Amino acid sequence: SSGRAVLLNGNRSTSIMINEEDHLRLQGLTAGWSIDSADSTVNSILADLEEKLDFAWTRRHGYLAASPYNAGQGRRLSAMFHLIGLAHAKRLSTILKAISARGIAARGLFGESSRAVGAFVQISITDGTRAEFIGACDYLMQEERGARSHVERGHLEERASQAMEFAISSPTLTLADSLRVLGWARWAASAQISGIRFAAREVDSWLTALEIRNSASEEKASRQRADYLRNRLDQ
């Protein structure tokens, strides 16, 4: 609409949103545990913008934004995790409460209004330091690896097989069920379970298609999700 725009680079690793919520939002997205790469990408573009634009800033409040929650440093650090090992061990809620007490927010795959269904968790920080954020991420990775190491391969193979068979045989799938299925499929792919012919990164690409709805009808969207996953899992 008038006064709004979104700019994307070729591989969509960087976007600039104009009047999306704040006046200007610059976002860098990189794969894996790569905070330095994301930082350098965004900072180089920000330096170019600062040559042409003046940003609102006060000594008391820092950078100003339409949302008071985003005022201050003018920066948010975020990372997406797949914490299915902790979820399976029924430790995920306790872990997320622990990091929340340190001022780190936890959300689901699709942002603030979504829950961590399928154990896909986005954590972010706006007021803390970079070191605090990195420390929290390292803690989550260590705990998740420990949780996964205690699950026998036979049990993982059985649970993943059950989840995928459920998706293949279902004529419709809710978004929550789809995320749970892909959560198990992704873990099985990461563990290189025999018979899995797709990689974890392929599952990541499938996740991006689940929230897209071509119709206002949830019934039609549920059928489309089921068809989409069946075509990819039934190999």
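Q: What share of the 235 residues in the chain is buried?
A: Buried residues come to 36% of the 235. Keep in mind that this is a predicted model.

Q: Okay, and how much area does the chain expose?
A: About 14100 Å², with carbon and sulfur atoms supplying 49% of that.

Q: What's in there by way of helices and strands?
A: The chain has eight helices and eight strands.

Q: What does the C-alpha trace span along its principal axes?
A: Roughly 60 × 40 × 25 Å, so to speak in box terms: the C-alpha trace of the chain spans about 60 × 40 × 25 Å along those axes.Q: Switching to helix H8, how far apart are its end C-alpha atoms?
A: They are 22 Å apart. Helix H8 has 16 residues (218-233), and at 1.5 Å a residue it should span 22 Å, so the two values agree.

Q: Which residues of H8 are buried?
A: Ala221, Ser222, Arg225, Ala226, Leu229 and Leu233.

Q: And where do those buried residues sit, seen down the axis of H8?
A: They fall within an arc of 140°, so they line one face of the helix.

Q: What covers them?
A: The cover for the buried residues of H8 includes helix H5 (153-169), helix H6 (175-190) and helix H7 (200-207).

Q: Back to the chain: for contacts between residues at least 6 apart in sequence, what share joins residues at least 24 apart?
A: That share is 60%.

Q: Last topic, charges. How many positive and negative side chains are there?
A: There are 29 positive and 27 negative side chains in the chain.

Q: And how far apart are the centres of the two sets?
A: The centres lie 2 Å apart.

Conventions: Residues are numbered from 1 along each chain as its sequence is written. This is a predicted model: local features need pLDDT of at least 70, side-chain atom pairs count only at pLDDT 80 or more; totals for chains, interfaces and linings use all residues. Side-chain values use heavy atoms; hydrogens and water are left out. Helices (H or I, at least four residues) and strands (E, at least two) are DSSP runs, numbered from the N terminus. Buried means under 20% relative accessible area, exposed over 50%, partly exposed in between (1.4 Å probe, protein chains only). Contact means heavy atoms within 4.5 Å. Accessible areas come from the Shrake-Rupley method with a 1.4 Å probe; for residues, only the protein chains shown count as cover. Lys and Arg count as positive and Asp and Glu as negative; His and the chain ends are not counted. The place of a charge is taken as NZ of Lys, CZ of Arg, CG of Asp or CD of Glu. The expected span of a helix is 1.5 Å times one less than its number of residues. The arc is that of the directions from the helix axis to the C-beta atoms.
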